[in-house]
There are 2 protein chains.
Amino acid sequence: MRMSDVAAAAGVSTATVSMVLSGAGSDRISPQTQARVREAAKAAGYAPNSVARSLRTQRTRTIGLISDTIATTPFAGRMLAGANDVARDHGHLVILVNTDDDAEQERKAILALVGQQVDAMLYARMWHRAVDAPAGLPAGTVFLDCRPTEGGWPAVVPDDRQGGASATRELVAAGHRRIAYVDAPNPDEVVASELRHQGYLEVLAESGITPDPALHVRAATDAAGGRAAVEELLDLPTSRRPTAIFCFNDRMAMGAYTAAHRRGLAIPDDLSIVGYDDQQLIASELDPPLTTVALPHYEMGRWAMEVALGLRESDRDNPLLMNCPIIRRDSVGPPPITAGN
Amino acid sequence: MRMSDVAAAAGVSTATVSMVLSGAGSDRISPQTQARVREAAKAAGYAPNSVARSLRTQRTRTIGLISDTIATTPFAGRMLAGANDVARDHGHLVILVNTDDDAEQERKAILALVGQQVDAMLYARMWHRAVDAPAGLPAGTVFLDCRPTEGGWPAVVPDDRQGGASATRELVAAGHRRIAYVDAPNPDEVVASELRHQGYLEVLAESGITPDPALHVRAATDAAGGRAAVEELLDLPTSRRPTAIFCFNDRMAMGAYTAAHRRGLAIPDDLSIVGYDDQQLIASELDPPLTTVALPHYEMGRWAMEVALGLRESDRDNPLLMNCPIIRRDSVGPPPITAGN
DNA sequence: ATGAAAGCGCTAACAG
DNA sequence: CTGTTAGCGCTTTCAT
């Protein structure tokens, strides 16, 4: 079923069919002819061959999306969804490639996507971090949830400093002054860790609270890590014990809940907790539901695709910092009156 | 940078370049010429244009994947990963389209993918269910995590009956006889609900346990639903109260934990719990880690892609039932001795 | 208002 | 062993 078949059926040339169906220049074709063509096309169930069209027009209406482990984390989906929604609304398809964080696979993926003549490319990582731009990336490739070490590329990352500040401010506003930060283990790899810490310190400073180094602890970023870290914190003498805890992520917060329960501490009456990530199926399902900071994955995905499609300008030397909104639920309250502050 | 450029640089025809680079018929080309061509190609940084190649060969080495909400659920990723891995290993790219479960979007997606001349198509749903095959799907489309109401299509779904049986058997084996099934609300929409229930009843029957209707309850499939249902169950008079609970999913199991803790019941000492889904970031992070039944998403994704690529035969009238393995963690133990059974 | 014709970049017979 | 040639199905001037 080719265009020439439709043309024959309608008794016109392929040029006419092309103009009618693509809409371009269809104002030059008489209404009667247009109707005839459309009818013939519909009757034949004709669908244009985009490969042929792409070869001719040099545009595929296709966007390549390279990611390290998009499929593995629940977050991934939101970024993908944002990118996909924008692409769809503008008549583009996305070709997704997963590299499993393997350099060789990444190289091949870039080659394959370039060979496919994708109109633009998105380079996504699942965790906010700095990356060296891989060789062969087409100019204009948009970095998603990672910042290229050298400038010159559009990029979008979460504003983790602001997020850390928001979380801490939420606790300060509730009246807390002994606020712990249960951090991720390795600040080098995890950009987010350092930035959130900065936000935390900033708010303490602006609130006239002297940071207590004992309240900044590091642990594995899972529930077990969070639990262990919080148990240590709760072992501190009463005067130094925190009344509120800001956790690097929701899984650690989940562990914090367990630690509190083991001590018979009620949340938020005895201990306030704020998480990070607003991880679906965790944050809202905890008891009580967790106040946390959301990572704007969907929005970042949208933004990146908008830039890729040329719908939006970008600063190629400074990654866009996307706001991380605080999601208020029920794990924050005033400090217990027994706490001597 | 086209093939003719490479040909000119190497002093040969495009036919020769094509043969050398594609490997096909390269045994007819002298080693010297081959070397010259490869060198010229590498020097020029030549990458073949797959659009032109596809137009000529009528194969795009591209697979369309339509899904309702692949991006939204954490499960999705695993299916995608399985499909993607197989595609990659066989030199294919996957074009992903999300329809948000909207019929109109679905129609357009199918059209777009067909227009792109994808070599094969996967039709995925995020929850195991029966679906009417949408119009326009190319013959041979593989159904993933859903079964077409009319036969004639290859399909793969989780073996939920076996999963329900495995969960129940795990509890029976631990010595329980009063085993509740905390089910999803609507058996019509959720195929899995009915199948797991069947598996549950089967194992009770084969174990000589008379099902107590009071122990089969339904609730919303989130933590709040699970918690409410389990609280009711625990309100039963001691003689009828369950010593073990099989939950429709891990989120409900999370609610079951909360209900148990509220009563001061320890898991698994006072109450055993089995979930379903093996949901990352929940099942393993609960305290104690949850024994649950895993949904074989990754395997289903692989299987579907293998069938799509013609690497594997399939029965087009009976969906493949993929095994749901039980994942043993620490939420199952023998019934408490105080229980009068 | 419509048609003819020239490719887009590649592959695959078929010649030589 | 290598080159010539004829398209794949579409879009787009340029004629008419």
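Biologist: Which elements each supply at least two residues of the surface near DNA strand D?

Modeller: H2 and H4 of chain A do so, together with H2 and H4 of chain B. Helices (H or I, at least four residues) and strands (E, at least two) are DSSP runs, numbered from the N terminus. A residue is near a strand if one of its heavy atoms lies within 4 Å of it. This is a predicted model, in which local features need pLDDT of at least 70 and side-chain atom pairs count only at pLDDT 80 or more, while totals for chains, interfaces and linings use all residues. Residues are numbered from 1 along each chain as its sequence is written, chains are lettered from A and ligands numbered from 1 in the order in which they are written, and side-chain values use heavy atoms, with hydrogens and water left out.

Biologist: Which element gives the most to that surface near DNA strand D?

Modeller: H4(A) does, with four residues.

Biologist: How many residues surround DNA strand D, and which are the closest?

Modeller: DNA strand D is surrounded by 23 residues, the closest being A:Met3, A:Tyr46, A:Arg56, B:Thr33 and B:Arg56. By class, the surface near DNA strand D has nine nonpolar, nine polar and five charged residues. Here Ala, Val, Leu, Ile, Met, Phe, Trp, Tyr, Cys and Pro count as nonpolar, Asp, Glu, Lys and Arg as charged, and the others, Gly among them, as polar.

Biologist: Where do polar atoms meet the bases of DNA strand D?

Modeller: A polar side-chain atom of A:Arg56 is 2.3 Å from a base oxygen of DNA strand D. A polar backbone atom of A:Ala52 lies 3.2 Å from a base nitrogen of that strand. Both are polar contacts, a term for a pair of N or O atoms within 3.5 Å; within protein, one must be able to donate a hydrogen and the other to accept it, and residues adjacent in sequence count only if both atoms are side-chain atoms.

Biologist: And which side chain lies 2.9 Å from a phosphate oxygen of DNA strand D?

Modeller: That is B:Thr16, through an N or O atom of its side chain. Of the atoms of DNA strand D within 4 Å of the protein, sugar or phosphate holds 67%, and the rest belong to bases.

Biologist: Turning to DNA strand C, which element gives the most to the surface near it?

Modeller: H4(B), with four residues. In total, 24 residues surround DNA strand C, and A:Ser30 and B:Arg56 are among the closest. For A:Ser30, a backbone N or O atom is 2.6 Å from a phosphate oxygen of DNA strand C. A side-chain N or O atom of B:Arg53 lies 3.0 Å from a phosphate oxygen of the strand.

Biologist: How are chains A and B related?

Modeller: A turn of 180° and a shift of 0.0 Å along the axis lay chain A on chain B with an RMSD of 0.1 Å. The two copies are thus related as by a two-fold rotation axis. Copies are superposed by least squares on the C-alpha atoms of residues with pLDDT of at least 70 in both.

Biologist: Any unusual backbone geometry to note? Which peptide bond of chain A is cis?

Modeller: The bond from A:Ile267 to A:Pro268, with omega near 5°. A:Pro268 sits in the loop between helix H10 (250-262) and strand S9 (272-277) of chain A. In chain B, the bond from B:Asp287 to B:Pro288 is cis, with omega near 0°.

Biologist: What is the phi of B:Gln58?

Modeller: B:Gln58 has a positive phi of about 65°, although this residue is not a glycine. B:Gln58 belongs to the loop between H4 and strand S1 (62-67) of chain B.
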